[in-house]
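Biologist: Could you take me through one part of this structure closely, and set out what surrounds that part?

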Amino acid sequence: MDSVEPIVDPNDQVMDIIQDAFPFASTNISHEREDDVPTPIDSAEFEQYEKLLKNANQELYPGCESFSVLTAIVELMHGKIKYRMSNLCFDYFLGVFKRMLPTDNCLPKDHKHAQKVLNGIGLGYEKIHACKNNCMLFYKEHETLDTCPVCNESRFKMTSPNRRLRSHKKSCVICP
Ligand SMILES: [Zn+2]
């Protein structure tokens, strides 16, 4: 039986990672708090970034409530990595999805354009080891751990005696 594993809260975790990368990034950029530590930012660069982030956060098509451009890209990229899909294959399906959606959709037309949206807001994507039980990602302060701090599951599986080679699973996450 080939069951599909749940993905590791891509939307939440991705937004967390974006927050890490850009402390001033928020879906509500005008929101200011007095106790925020001011971060020196080049204003032209910030304006450009703000524009790109706004584009990434817009709805996938007018009236779409379930996906922003960014979350759509992240989920699709996640699947691409998880199932080791070639760029050619990815482009094919992206093209089909794009034709299925309302004509005024903002889904990137291919892998290159999807990557461009991520790069535009300072993000690339990479494979990160994830706990077998979906507790957490081996990311940032957990990057060097060998076991999950939540459930104690080993990060690696033994592929032969005395050799730990591969992580139980990987998660595609966009990262700074
Ligand atoms: Zn765990």
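Modeller: A residue is called buried here if 20 or more other C-beta atoms lie within 10 Å of its own, and exposed if 12 or fewer do. This is a predicted model, and the part I would look at closely is α3 (69–82). By that cut-off, Val69, Leu70, Ala72, Ile73, Val74, Leu76, Met77, His78 and Lys80 are buried in α3. The helix has 14 residues, which at 1.5 Å a residue should span 20 Å, and the end C-alpha atoms of α3 are indeed 20 Å apart, so the two values agree. After α3 comes Arg84, whose phi is positive, near 50°.

In soluble globular proteins, nonpolar side chains tend to be buried together. Here the largest nonpolar core has 16 residues, and Val69, Ala72 and Ile73 are those that touch the most other members. At least two residues of this core come from each of α2 (43–57), α3 and α5, with α3 giving the most, seven residues. Apart from this core lies another, of six residues, including Ile128, Ala130, Phe138 and Cys148.

Beyond its neighbours within four places in sequence, Val69 is in contact with Asn55, Ala56, Gln58, Leu60, Cys106 and Val117. Asp104, by contrast, is in the loop between α4 (87–100) and α5 (111–120), and Asp104 is exposed because 8 other C-beta atoms lie within 10 Å. With neighbours within four places in sequence again left aside, Asp104 is in contact with Tyr61 and Pro62; the C-alpha atoms of Asp104 and Pro62 are separated by 7.3 Å, although these residues are 42 residues apart along the chain.

Definitions and conventions
Residues numbered from 1 in each chain as written. Predicted model: local features only at pLDDT ≥ 70, side-chain atom pairs only at ≥ 80, totals over all residues. Helix = DSSP H or I, 4+ residues; strand = E, 2+ residues; numbered from the N terminus. Contact = placed C-beta atoms within 7 Å. Core = buried A, V, L, I, M, F, W, Y, C linked by C-beta atoms within 7 Å. Expected span 1.5 Å × (residues − 1).
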